[in-house]
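Reader: I would like to learn how to read disulfides in a model. Please show me the chain before we start.

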Amino acid sequence: MPDSPDVPSIPGQREPHHDTVPEVVAAAVAGGPAPVAPAPAPAAGTGSAPAAVAAELSAAELAVRAGHRWGVRFVLAVVAVLALFLVGLVVLKPESAPEGAAAAAASAAPAPSSAGPATPYDQAVAVLKAQADALISGDEAGWMGAVDASKAALVTKYRMIFRNLRGLGISRFSYQPGLGKPVKGDAAAMAIRVDAVYCFGDDMCPASAATEWAKPPHISQSLTLRAVGGRYVISALGESADADFHQPTPWESTDLVFARGKRVVLAVAKGQEKYLARVLPVAEQAAVVADRYGILNGTPQRDYRIFLAGEKQWKSWYGGENDEWAIGLALPLNRRGIDVIVRMAEMDTPVTLRTTVQHELGHVVTLTGAYQMDAAEDTWLSEGIAEYIGWQPKGAAQSFRKYSVRWQFDRAAPKSIVPVRPGPKAPARAGDAFYGLSHWAADCMAKKYGEPKLFTFVRLVLTEDNSYDQASRDAYGVPFATVDKTCVSWIRQQAS
C-alpha cells in the first residue's frame, strides 16, 4: 500500500504462500415494488455481444482522473460502458418470518432422532448440521431453531445472516467444527470453533478440489452452545482467534438489501437502497460485455455479485480498504469465485460508474480459475485486460488515461509493453500512466493478432502461470520479444 497520498495509483499485491490463496467474499427502493423473498439464484446463461456505443464522453469527463484506481485485492482495477436502456428492477429485501418467528423456531426446528448422538458434543454438532440444512432448503424457522430464542441480539444477527445468504443465492453451506471445550461457570455449555463453508453456485465449488485454493471459501466463528429444554442451541457468536483476514464479509456483518437483474445481484447496506436503481441497469449492461469475454476466455459466469459500499462499508467489508485512491475492488473468494465492491462515494459521473463496474467484471472473467494470486509482475496484464474490457467498445485512445500516457512519453518513452511499476515516490500521474500503457498494450495485441489470440495469451499467463514467451508462442505463434517490439512501436504512434 502507498505510504503517502503522493504514491502512484497501483494497489499493492497480496502474495499467496505456495498454492494456497486466502479466501474472500457479499432491497427496497423508495416507491418501488413491494419486497419479495429471494428465490434461488437462476442458472442464467451468458449474455450476447456488447450493446451499441454509448454517447461520446464530454470534455469534463475526459479530464484526467489521476490517482483513481481500481483493484482486485489480488489487485484489480475498474471501468465500464454506459447503459442507457431501462432494466426491470427486482427488489429483494429477504423477509419472511413475523416478529414472533424466534419463539416459534424452537418447535419448528428439526429435532434429533430418538437414536441420536450420545455425547453432548455430538448433539451440538447435529444441531449445527440441521441448521445448515435448513438454510439451503430455505427453512428460516429451522435455521432460527438452532439459536437461543432468549438472546434478542443473537436472534436478530442470525435472521440477518439467513436472509443475506438467501439473497445472494447460497447453494452450499456447512459447518466444520473443531474440538468442544467447557465454558467456565456454565456446566451446560460448550465452546466450539467452527469454519462455516459456503458456496454461491456449483461452478464456484466443484465436487473435488486438488488444492486449498480450489476448496470452497469459509469464515471462522467461535460459537457457544448450551442445553436449553433438552437440546443444544447457539447462545453466543464471537470472533474466532483464527478468523480469515478477509472477515467480516458483508453478509455476516451488515443488514443487506438486494436487487437482482438477469445477470447480476446487487447488495447494499440497509438505508442505502437509493443506489440500487441507479446501478442495476449499468451493471446489467456491463455483464453483457463481460459475458462475451467470459465465453472467449473459457470462464462464463452463473451471475455476478456486486456490493455497493458506502464509506463505512468500504472501510470494513472484507477487512476494509485503506487505499484512499481505490474506487473499486474485485476480491477472490477462492479459485472460481470473485466478488466485486464499488465505492459509491467516488461514483460521481456516469462514466466513472460504468467504467468502474465493467472493469471489475473484466477482472472476474479473466481471473476466474487462476491457480494462484495475481503475481506482482503480471499486474500490467491483469489491469490492462480489465481496462480493455472496461472501455469496450471504445479503445485506449479514448480513455481518461490517454493524457497521462502522453505525459509519460514526453518524460521517458517506454521501451517495452510491460511498463515499469512506479516507485513509492513517483507522482500519482505515473500510476495513471501505468494503467493507460497497460490498456494500450492489450489494444495492440488485439489489433495485431485478434481478440481470440489475445485472450488465449491472457489465460495462459494469468490463470495458468505460463511465462510471457511461452504464452506468446502458443497464442500468437511468435516470441514475446517480437510482440513487444511490434506493440511498443504501435503505442508510440498512437500516443503521438
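Reader: How many disulfides does the structure hold?

Author: A disulfide is a pair of cysteine sulfur atoms within 2.5 Å. The structure holds two of them. This is a predicted model, in which local features need pLDDT of at least 70 and side-chain atom pairs count only at pLDDT 80 or more, while totals for chains, interfaces and linings use all residues. Residues are numbered from 1 along each chain as its sequence is written, and side-chain values use heavy atoms, with hydrogens and water left out.

Reader: Which pattern do the disulfides of the protein chain follow?

Author: With bonded cysteines counted along the chain, the pattern is 1-2, 3-4. One disulfide joins Cys199 and Cys205, with sulfur atoms 2.0 Å apart. The other joins Cys444 and Cys487, with sulfur atoms 2.1 Å apart.

Reader: Which parts does the pair of Cys444 and Cys487 tie together?

Author: Helices are DSSP runs (H or I, at least four residues), numbered from the N terminus. Cys444 lies in helix H11 (residues 428-449) and Cys487 in helix H14 (residues 480-495), so the disulfide ties together parts that are 43 residues apart in sequence.

Reader: What is the torsion about the S-S bond of Cys199 and Cys205?

Author: It is about -105°, so that disulfide is left-handed. The link of Cys444 and Cys487 is left-handed too, with -85° about its S-S bond.

Reader: Is Cys205 buried or exposed?

Author: Buried means under 20% relative accessible area, exposed over 50%, and partly exposed in between (1.4 Å probe, protein chains only). Cys205 is buried at 9%, and its partner Cys199 is buried at 1%. Cys444 is buried at 0%, and Cys487 is buried at 0%.

Note on methods:
Helix = DSSP H or I, 4+ residues; strand = E, 2+ residues; numbered from the N terminus.
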